[in-house]
Amino acid sequence: MGQHRIVSLAEGPELRDDYQRFTEAHWPPVGLLDDVGDRLWMESLEKNPDCHFGVWLNEELVGVGNCAPVFEDVALDALPDEGWRWALISSVTGGAAAPRYVSALAATVARSARGHRISNVILEQFKVIARRRGASGVIAPVRPNMK
């Protein structure tokens, strides 16, 4: 499939609208409905631009990854049931210290690129971000689909 390139919003802030449109085009409408997401998503993009990135292949955007630093010191076996919402809130209210975890928020892959391991590239980038941020690891809460 060729060599991919990852560009975060920290490196290319002008790509924010492209990444947003891509995500909205590839998620079912019900997957985009969430009061916490509506309230805090843009703040997360602005506060943590290194945690939001696109995967490019031959100048085509084929995936978008979104993750968030979680600053609350909670053991893995005590993570709250609020999962996705809790992680997003922590990402915008947390302090300047290293986060406890980096939480996956979304991994979006173009239909045309499915089956080409783009989701693996996104998950690996979440790990890179966790290491750079000094987090102990990556968590991936499942957000209810609101159906």
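Helices and strands are taken here as DSSP runs, numbered from the N terminus. In this predicted model, helix H1 (residues 16–26) lies across strands E1, E2, E3 and E4 (101–109), and runs at about 100 degrees to E3. Helix H2 (residues 35–47) lies across E2, E3 and E4, with an angle of about 75 degrees to E2.

The strands crossed by these helices belong to an open sheet of five strands with mixed pairing, in the order E1-E2-E3-E4-E5. Strand E1 (4–8) and strand E5 (138–139) form the edges, each pairing on one side only. Strands of a sheet pair through backbone hydrogen bonds, in either a parallel or an antiparallel manner. Strand E2 (residues 52–57) and strand E3 (residues 60–70) run antiparallel and are joined by six bridges. Opposite Gly-54 stands Val-64 in E3.

Helix H2 also meets helix H3 (residues 83–93); the axes of H2 and H3 come within 9 Å and cross at roughly 40 degrees. Angles of 65 to 115 degrees count as roughly perpendicular and those under 35 degrees as roughly parallel, and H2 and H3 are therefore oblique to each other. Their crossing is left-handed. On the H2 side, the contact involves Asp-35, Val-36, Gly-37, Leu-40, Trp-41, Glu-43, Ser-44 and Lys-47. These residues meet Trp-84, Arg-85, Leu-88, Ile-89, Ser-91, Val-92 and Thr-93 in H3. By class, the contact of H2 with H3 comprises seven nonpolar, four polar and four charged residues.

Note on methods. Residues are numbered from 1 along each chain as its sequence is written. This is a predicted model: local features need pLDDT of at least 70, side-chain atom pairs count only at pLDDT 80 or more; totals for chains, interfaces and linings use all residues. Side-chain values use heavy atoms; hydrogens and water are left out. Two strands pair if DSSP finds at least two bridges between them. Helices (H or I, at least four residues) and strands (E, at least two) are DSSP runs, numbered from the N terminus. Contact means heavy atoms within 4.5 Å. Axes are lines fitted to C-alpha atoms, for helices over the stretch in contact, and angles run from 0 to 180 degrees between N-to-C directions. Angles under 35 degrees count as roughly parallel, over 145 as roughly antiparallel, 65 to 115 as roughly perpendicular and the rest as oblique. A crossing is left-handed if the near helix is turned anticlockwise from the far one by less than a right angle, and right-handed if clockwise. Ala, Val, Leu, Ile, Met, Phe, Trp, Tyr, Cys and Pro count as nonpolar, Asp, Glu, Lys and Arg as charged, and the others, Gly among them, as polar.
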